[in-house]
Each structure stands twice: as C-alpha cells, then as structure tokens.
Amino acid sequence: MRLARLGAEVRVVSPLPWVPPGPVPARYRRVREAPPSEEVGGFRVRHPRYLMVPKIGIAWQAGAYRRSLLPALREEVAEFRPDLLDV
C-alpha cells in the first residue's frame, strides 16, 4: 500500500461471513477458520463476522454487513484516531 510506504500506519477492517459449525464446503471452512484478527503483509487486519445465508439471505446481507462493520470501525476510530478512512 502506498500510504504505508509513505510511513503511515495502516489498519484494515475486513468483515467475513459467519459460518455455522458442521460440515461445509472447503471454501466456507477456510472462512470459518480465519482468526478474528491477524497480521497480513505487515498490516493489522480485523475480521468482524456478519450473517450471510447463501442464496436466500441476500436481501439482509448488506444490513448484516453494516451491523458487523460499524462496531469494529468505531473501536478503531476511538483507539487509532485515523486521519483517513478508505471504504
């Protein structure tokens, strides 16, 4: 990221769908096993979870995404006090 190369501290909030326990395809298992936060390429990345119901829940997905993202963003803003949010 160019901002990081210029010396800015960069943090990432990247929501992931919540995957219920039990047998699921491998692509969903990888998402379920992702940690709540991690370091990727030298950047702190948080993964708040949102409810996604494949095929039938698309009407609610945007609201669920927003509800998972807002608390994480509020925490980051309170702790980190960023000068820029890139959404």
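**Close-up views of a predicted model**

**View 1. The whole chain and its order of elements.** The protein chain holds 3 helices and 5 strands. The model is predicted. Read from the N terminus, the elements run α-β-β-α-β-β-β-α. Along the principal axes, the C-alpha atoms fill a box of roughly 45 × 25 × 20 Å. The chain has 87 residues, of which 26% count as buried. Its exposed area is about 6700 Å². Carbon and sulfur atoms supply 59% of that area. Contacts between residues at least 6 apart in sequence were also examined: 57% of them join residues at least 24 apart.

**View 2. Charges across the protein chain.** The chain carries 15 positive and 9 negative charges. Their mean positions lie 10 Å apart. Side chains of opposite charge can pair when their charged atoms come close. Here the count of salt bridges comes to 7. Views 3 to 5 take up some of these pairs.

**View 3. The salt bridge between E9 and R11.** E9 pairs with R11 in a salt bridge. The closest N and O atoms are 3.2 Å apart. How accessible are the two partners, E9 and R11? E9 is exposed, at a relative accessible area of 52%. R11 is partly exposed, at 23%.

**View 4. R11 and E79, a link from strand 1 to helix 3.** R11 also meets E79 in a salt bridge. The N to O distance is 2.9 Å. R11 belongs to strand 1 and E79 to helix 3, so this pair ties together parts that are 68 residues apart in sequence.

**View 5. R46 and E75, a link from strand 4 to helix 3.** A salt bridge joins R46 to E75. Its closest N and O atoms are 2.7 Å apart. R46 sits in strand 4 (residues 43–46) and E75 in helix 3, so the pair ties together parts that are 29 residues apart in sequence. Is R46 buried or exposed? R46 counts as buried, because its relative accessibility is 14% and the cut-off for buried is under 20%. E75, at 45%, counts as partly exposed. Which residues do shared salt-bridge partners join into one network? The network is made of E9, R11, R44, R46, E75, E76 and E79.

**View 6. P15 and its contacts.** P15 lies in the loop between strand 1 (11–13) and strand 2 (16–18). This proline counts as buried, at 10% relative accessibility. What does P15 touch beyond its neighbours within four places in sequence? Its contacts there are P48, Y50, Y65, S68 and L69. P15 and P48 are 33 residues apart in sequence. In space, their C-alpha atoms are 4.8 Å apart.

**View 7. A nonpolar surface patch around W18.** W18, L51, V53 and I56 make a nonpolar patch on the surface. The patch covers about 400 Å². W18 comes from strand 2. The tryptophan is partly exposed, with a relative accessible area of 43%. W18 can therefore be considered for a patch on accessibility, since 43% passes the cut-off of over 30% relative accessible area.

**View 8. A positive surface patch around R29.** Four residues form a positive patch on the surface: R27, R29, R30 and K55. R29 belongs to helix 2 (residues 26–33). R29 is partly exposed, at a relative accessible area of 35%. That value also passes the patch cut-off of over 30%.

**View 9. R81, a residue with positive phi.** Most residues other than glycine have a negative phi. What is the phi of R81? R81 has a positive phi of about 50°, although it is not a glycine. R81 lies in the segment after helix 3 (58–80). Is R81 buried or exposed? R81 is exposed, with a relative accessible area of 61%.

Notes
Residues are numbered from 1 along each chain as its sequence is written. This is a predicted model: local features need pLDDT of at least 70, side-chain atom pairs count only at pLDDT 80 or more; totals for chains, interfaces and linings use all residues. Side-chain values use heavy atoms; hydrogens and water are left out. Patches are made of residues with over 30% relative accessible area and no salt bridge: like charges are joined within 9 Å, nonpolar side chains (Val, Leu, Ile, Met, Phe, Trp, Tyr) within 5 Å. Accessible areas come from the Shrake-Rupley method with a 1.4 Å probe; for residues, only the protein chains shown count as cover. A salt bridge is a side-chain nitrogen of Lys or Arg within 4 Å of a carboxyl oxygen of Asp or Glu. Lys and Arg count as positive and Asp and Glu as negative; His and the chain ends are not counted. The place of a charge is taken as NZ of Lys, CZ of Arg, CG of Asp or CD of Glu. Helices (H or I, at least four residues) and strands (E, at least two) are DSSP runs, numbered from the N terminus. Buried means under 20% relative accessible area, exposed over 50%, partly exposed in between (1.4 Å probe, protein chains only). Contact means heavy atoms within 4.5 Å.
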